[in-house]
Amino acid sequence: MNIEELFFLALMPVLKTLLIAVVGLYLAMDHVSILTAEGRHHLNNLVFYVFFPSLCASGLISSSTATGLFSLWFVPVSILITFLVGSALGWILVKITRTPQHLHGLVIGCCAGGNMGNLPVIIIPAICAEKNNPFGDSSTCSINGMGYVSLSMGIGAIGIWSYVYNIIRAYGKRDDGDVSAYSKLRENSHSETSRRALDSTTQTLLPSSNSKGAEVSAELISQGSIDETKVSVPAIIEKKVKSLVEYIDLSVLFRPPTIATVIGIIIASISPIQNFMVGSGAPLRFVESSVVLLGEAAIPSMTIIMGANLLRGFKRSGVGIWLLFGIIVVRFVILPIIGVAVITVAKNLGMVGTDPLYHFVLLLQYAVPPAMAIGTITQLFEIGETECSVIMFWNYAVAAVALTLWSTYFMYILS
């Protein structure tokens, strides 16, 4: 295929995504008022708790018969690289642009966490459906592609709800140390435990010149405590790790998409369970069919919500132009270039097999805009909501062109 054919092939799924997103944006307008704030909330709950988990699980289960799940071990490695490199670039960006302290987590999160959910889920089947696609038979391409994308979705969701969630939470404290009322209620037990542990560590390890420090020192001596200079390094590290673990809210890992991904991996990995649930002769095949049916509702629903959420960014502005420009450069210039280098090295070392569709999905992880779930996280903590909407709007506007161009280039170097 020549470059022009590849360009139009890559353009079609992006146009489909934009068209559905425009429908969502229109339904959210004030004079229409179908997707009001309350309506988006309920639809988002359906997607988060039912449709999206079903899509993750069904994609993994369906693809397990066509491709070995454990052969896709490089998917989490690749996603980890995007998070690490994106975080480093985001940290540099907030320093250069002098971003307000409470927005550091938002900017770093937008640079680190890409949309590995609804965009690839739309793009891959749309490309596979084209007769002249460079990945072979449409049916096989779609089944294998959904397996690759489903694994990416699940692992990406774990990264967003563990790393990005906690980094926004950590940086969300204002200069005066206050956080939103909602955030205070949610974090009270963790912050109290963390402060007690940190105070205990500080009092034990650091000398003090005031009367309070003298009292603590006298009490330690009277109890026969060892001198502070004799405290072992492993003990210090242990206390620091305990403090960090108590501060981080690990419950966010147990979200429906994450649980569905784990269930899908278990079913796809254990043959007896797979034979009992998957296939035309399986006794519980109706369970798989029902999950697939629910998962099919995820793509249009997520895209409509994405369009509706972008309306706030269209209406408002308040983010510096250089900050916006920096995030766009990180997500659509630097990360894709790094992605090409990483996947090329992995191919030469034989780490990613020979399937060009697998390589394309890996490359796509580096070229997508920020994850829409970041907007949900900012709403949970009531910090940077407007700024997040502006960032999302302009990034997704640029993605219409950038993602098409990168997809064209990816298919060109793989064909």
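## Close-up views of helix packing, core and loops

**View 1. Helices α1 and α17 lie oblique to each other in this predicted model.** The classification rests on the angle between the two axes: helix α1 (residues 3–27) and helix α17 (residues 385–414) pack at about 140 degrees, a value that falls outside the ranges counted as roughly parallel (under 35 degrees), roughly perpendicular (65 to 115) and roughly antiparallel (over 145), so the pair is oblique. The axes are 8 Å apart, and α1 passes α17 in a right-handed crossing. On the α1 side the contact is formed by I3, L6, F7, L9, A10, L11, V14 and L18, which meet A400, T404, L405, S407, T408, M411 and Y412 in α17. Sorted by class, this contact has 12 nonpolar and 3 polar residues, with no charged residues.

**View 2. Helix α16 is roughly antiparallel to α17.** The axes of helix α16 (residues 373–381) and α17 come within 9 Å and cross at roughly 170 degrees; since angles over 145 degrees count as roughly antiparallel, the pair receives that description. From α16, the residues I374, G375, T378 and Q379 meet E385, C388 and M392 in α17. By class, the contact of α16 with α17 has 3 nonpolar, 3 polar and 1 charged residues.

**View 3. Helices α3 and α14 meet in a right-handed crossing.** Here α3 (74–97) packs with helix α14 (residues 321–348), the two axes coming within 10 Å and crossing at roughly 145 degrees. The α3 residues in this contact are F74, S78, I81, T82, V85, G86, L89, L93 and T97. Their partners in α14 are W322, L323, G326, I327, V330, I334, L335, I338, V342, I343 and A346. By class, the contact of α3 with α14 has 15 nonpolar residues and 5 polar ones, while charged residues are absent from it.

**View 4. F360 and I374 have the most contacts inside the largest nonpolar core.** This core has 97 residues, and the largest share of it, 12 residues, comes from helix α6 (residues 138–171). Leaving aside residues up to four places away in sequence, F360 touches I124, I127, F135, S407, F410, M411 and L414. Among these partners, S407 and M411 also belong to the α17 side of the contact with α1. The other residue singled out in the core, I374, takes part in the contact of α16 with α17. For the setting of this view, the secondary structure of the chain comes to 17 helices and 0 strands, and buried residues make up 48% of its 415 residues.

**View 5. C110, in helix α4, is buried.** Its relative accessible area is 0%, and because buried means under 20%, C110 is placed in that class. With residues up to four places away in sequence not counted, C110 touches I327, R331, P370, I374, I391 and M392. The C-alpha atoms of C110 and I328 are 9.7 Å apart in space, although the two residues are 218 apart in sequence. In the chain as a whole, among contacts between residues at least 6 apart in sequence, 84% join residues at least 24 apart.

**View 6. E130 lies in the loop between α5 (118–129) and α6.** With a relative accessible area of 25%, E130 is partly exposed. The C-alpha atoms of E130 and L9 are separated by 7.5 Å, with their positions 121 residues apart along the chain. When residues up to four places away in sequence are not counted, E130 touches L9, M12 and S138. Of these partners, L9 also appears among the α1 residues that meet α17.

**View 7. Positive phi values occur in the non-glycine residues S33 and R98.** The phi of S33 is near 55 degrees, and S33 lies in the loop between α1 and α2 (37–63), where a relative accessibility of 40% makes it partly exposed. The phi of R98 is likewise near 55 degrees, and R98 is placed in the loop between α3 and α4 (104–112). R98 has a relative accessibility of 76%, and because exposed means over 50%, it counts as exposed.

Conventions
Residues are numbered from 1 along each chain as its sequence is written. This is a predicted model: local features need pLDDT of at least 70, side-chain atom pairs count only at pLDDT 80 or more; totals for chains, interfaces and linings use all residues. Side-chain values use heavy atoms; hydrogens and water are left out. A nonpolar core is a set of buried Ala, Val, Leu, Ile, Met, Phe, Trp, Tyr and Cys residues joined through side-chain atoms within 4.5 Å. Buried means under 20% relative accessible area, exposed over 50%, partly exposed in between (1.4 Å probe, protein chains only). Helices (H or I, at least four residues) and strands (E, at least two) are DSSP runs, numbered from the N terminus. Contact means heavy atoms within 4.5 Å. Axes are lines fitted to C-alpha atoms, for helices over the stretch in contact, and angles run from 0 to 180 degrees between N-to-C directions. A crossing is left-handed if the near helix is turned anticlockwise from the far one by less than a right angle, and right-handed if clockwise. Ala, Val, Leu, Ile, Met, Phe, Trp, Tyr, Cys and Pro count as nonpolar, Asp, Glu, Lys and Arg as charged, and the others, Gly among them, as polar.
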